[in-house]
Structures are given as structure tokens and as C-alpha cells.
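Here is a short report on how the parts of this protein meet. Look over the sequence and the structure, then read on.

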Amino acid sequence: MQTRAAILWEPRTEWSVEDIELDDPKAGEVKVKLAASGLCHSDEHLVTGDMVLDPETAALLQLEQFPVIGGHEGAGEVVEVGPGVTTLKEGDHVVLSFVPACGRCPACAQGRQHLCDLGALLLAGRQVGDLTSRHRSKGGKDLGIMCCVGTFAPYTVVSETSCVKIDDWLPLDKAALVGCGVTTGWGSAVNAAGVRPGETVVVIGLGGIGMNAVQGAAMAGARHVVAVDPVDWKRDKAATFGATHAAASIEEAAAKVGELTWGANAEKAILATGVATGDLVAPMMALVGKGGRGVVTAVGPILQEDVKLNLFDMTLQRKELVGCIFGNANPRRDIPRLLRLYEEGRLKLDELVTATYTLDGVNQGYQDMREGKNLRGMITY
Ligand SMILES: NC(=O)c1ccc[n+]([C@@H]2O[C@H](COP(=O)([O-])OP(=O)(O)OC[C@H]3O[C@@H](n4cnc5c(N)ncnc54)[C@H](O)[C@@H]3O)[C@@H](O)[C@H]2O)c1
Ligand SMILES: [Zn+2]
Ligand SMILES: [Zn+2]
């Protein structure tokens, strides 16, 4: 069929919205008519080059990262199923999980679906079943799909391992958020940080990820949730998601946390800035006290290795510094579970969407992200 998509032909250019050819689903795949796609900062890393492999590594992996259809936070309706698909049928509503979950690799078998072996293909852009492409440009060029889904398009073809079936009465344009941002942020607090009742938690960066870390920390029973962002209105907004205090910078947060805890400092800190840079790690780890934990959810430039960190302090105060992908969640359990909390009025989704765009407005959406205008911008189809 013919459809449209926002394509990035190479880093440091704009998204180009074009007509494309979309093939029928092959074995184990489904065609999804998308209702909406969130504008997560991770697609912006393709534009800036932060998430782009160097040519040597790409060649070694036989991986062509560009051109690529962006978008990895979507939800929609299954309109066609390929041969051998047993877990989905036409008409099913699905959230697309930005990490596929095969259910049978060692990580999935251990209940760590966010580490599914298929995650190795997140940047490969091809179908996980046979490593070929279902998406083609008008000129006949194979197109990659971001995180095996490519949601910047009204239709896509994906592996059934990327789909999580949800109740069909849920609003798809809100459910889309759970395909990345909500699960990642909420899980950064609840799973990766392991926030316990009564703790003090600092969340650095209040975008689609950080704001959900705030609501996860509050839901887990944190006593203080200190929300940090240079953008004024985001700090104000954080209170509605459960923040108890706000600060414009990590330095300001350090003073506040010291005061709030009589010098004991926070139990947990979560880094959710637009870009993770090595200079942010030492100040983040200085926010947590003895036995405390720092969680790096923000994504750093792919080749960056330099990190500021006081190892003396880390050792003698027995601090932990941990990474976090997709909120360390199990999408098949956690996506329906989070949507249940939304239905019951305990998890905020509506308030996260601060602007909607058409597909043609994708570049405007990212410009608004850069200017700090959105918690989450959302493309609706
Ligand atoms: N680990 C994962 O699985 C995963 C999944 C999705 C997104 N991410 C990453 O999480 C990060 C956040 O994504 P997002 O969509 O929320 O981005 P966003 O751009 O919407 O929000 C980032 C926020 O950080 C703030 N910020 C920037 N520098 C800051 C600083 N020094 N101190 C405090 N705040 C600062 C910005 O003002 C902005 O509000 C990105 O790096 C993204 O790639 C990771
Ligand atoms: Zn994302
Ligand atoms: Zn797996």
C-alpha cells in the first residue's frame, strides 16, 4: 500500500515527510494503523548524531542506520496479520513496545523483557524476523524503522513481538505514551531506583521521561520528590505529578536536599535530561547519601566515555550508579498495568500531552521540544 512517513535521510538534517510504499506483513508480522505517536527525545538523538554509529562500526555490523523512519512511542489498531501470527488478530488494539519482547530469550525468560535479545536490533531498523525491510521510499530505497517500529507514519508493519494488546476502550492517543515515555520514567523510579516509602528522590530533567519518574516516585511513596529543570513552567507543573519541591539546577537541588534531609541527602536520584553528559554524573551522585543510588535513564552520545565521578565517595559511601532501559520494565506486564492505573485515575496521561501535531508538523514538534515548550508533543493521525 501507499502511505506516508517522516524520514531522516541523514543526521543533522530535518525530518522529511514523504509518500512511501509499505509491504504486506510477512511471517510473524502485523500491519498497524497508528492513532498517535509521541515525540520522544530519543529520535532527536538520531538528528543530532548522538545515537548514530560511526561508519566503521556500522559496516562491521552490516547495519545501515539511514534513511530511517522515526518514532517509537505509538499505539494503534491491527489491520492485517501475516502468516503464523497467533497472538493478535485484525481489530486488536496495541501499544507498540519500543523494545520487542520475544518471551523466550534468556532475558525474557528471567522476567527482564527490557533486555530482550531482540533489543540488539533497535538501531538496525529492519524487521526482526528476517532482517529485511517492509518500508520503501518512492525511489525504491529500503527504509529503516526506529526501534523496530517507526511510528512517524499512519501505518507501519512490525513484528508481533513489538505489540502489546490492550483493552479496546482505552484512548489510543494516550495509550501511545506508555510505549516509551511513561513506562521508562515511571519504571526509572519504581524499578531502577527502587523507591521505597519515605525516601527522598531527586529527578533531574522534567520532559516526558522525567515527569513520569516524578509520578512513579510519588506513587511509590517517596516523602520528598525534588523536581529539577531550568524551565519554570515545567517545575510548576511537576507538583501536579507529585513533586513536593522544585529546583532550577542540580546545585540548587543540592542545597534544598541538604536542608530537607538535615544533611543526610537523598536516597535516590534519576538523570532524565535531554542528553546525558559525563559532567552531570558527579553532581548527581553528590545528591545521594550513604548507600544511595543514582539512575542514568537519559541517553548519552554513543561514543562518550568520559564521566566525572568521585570514586572515593562512591566506594566509601557505598553508592550505586545504575543504567536503566525502558524503566527496567516487562512491557507485557507493565503496559497493561500502567493503563489500568490510568483508567482508575491514579496515573496521569492526559496532562502529559501539551501539544498535538499533524505528521507534517514533526519538525515543529521537535523545535518546540528544544525550546522547552512541551512535556510531550504528540502526532495524531
Ligand atoms: N533509557 C531509556 O530507555 C530511555 C527511553 C526514552 C528516552 N530516554 C532518554 O531520556 C532522556 C529524556 O527524554 P525526554 O523525552 O524526556 O526529553 P525532553 O527533551 O522532553 O526533556 C528533557 C528535559 O531536561 C531538561 N534539562 C536539560 N538539561 C538539564 C539540566 N542540566 N538539568 C536539569 N534539567 C535539564 C530540559 O529542560 C527538558 O525539560 C533523553 O536522553 C532520552 O533519549 C531514555
Ligand atoms: Zn523514547
Ligand atoms: Zn526476548
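## Domains

Domain bounds here come from an automatic or database domain assignment. Domain 1 covers 2-179 + 349-380, and domain 2 covers 185-325. Their centres, taken over C-alpha atoms, are 28 Å apart.

This is a predicted model: local features need pLDDT of at least 70, side-chain atom pairs count only at pLDDT 80 or more, and totals for chains, interfaces and linings use all residues. Residues are numbered from 1 along each chain as its sequence is written, and side-chain values use heavy atoms, with hydrogens and water left out.

## The interface

Contact (heavy atoms within 4.5 Å) joins 20 residues of domain 1 to 20 residues of domain 2. The two domains bury about 1500 Å² between them, 70% of it on carbon and sulfur atoms. Buried area is the accessible area (1.4 Å probe) that two parts lose on being put together, summed over both. Asp 50, Leu 352 and Leu 375 supply 35% of what domain 1 buries against domain 2, more than any other three residues.

## Polar links

Six residue pairs, both at pLDDT 80 or more, make polar contact between domain 1 and domain 2. A polar contact is a pair of N or O atoms within 3.5 Å; within protein, one must be able to donate a hydrogen and the other to accept it, and residues adjacent in sequence count only if both atoms are side-chain atoms. Salt bridges (a side-chain nitrogen of Lys or Arg within 4 Å of a carboxyl oxygen of Asp or Glu) number zero across this interface.

Definitions and conventions. Chains are lettered from A and ligands numbered from 1 in the order in which they are written.
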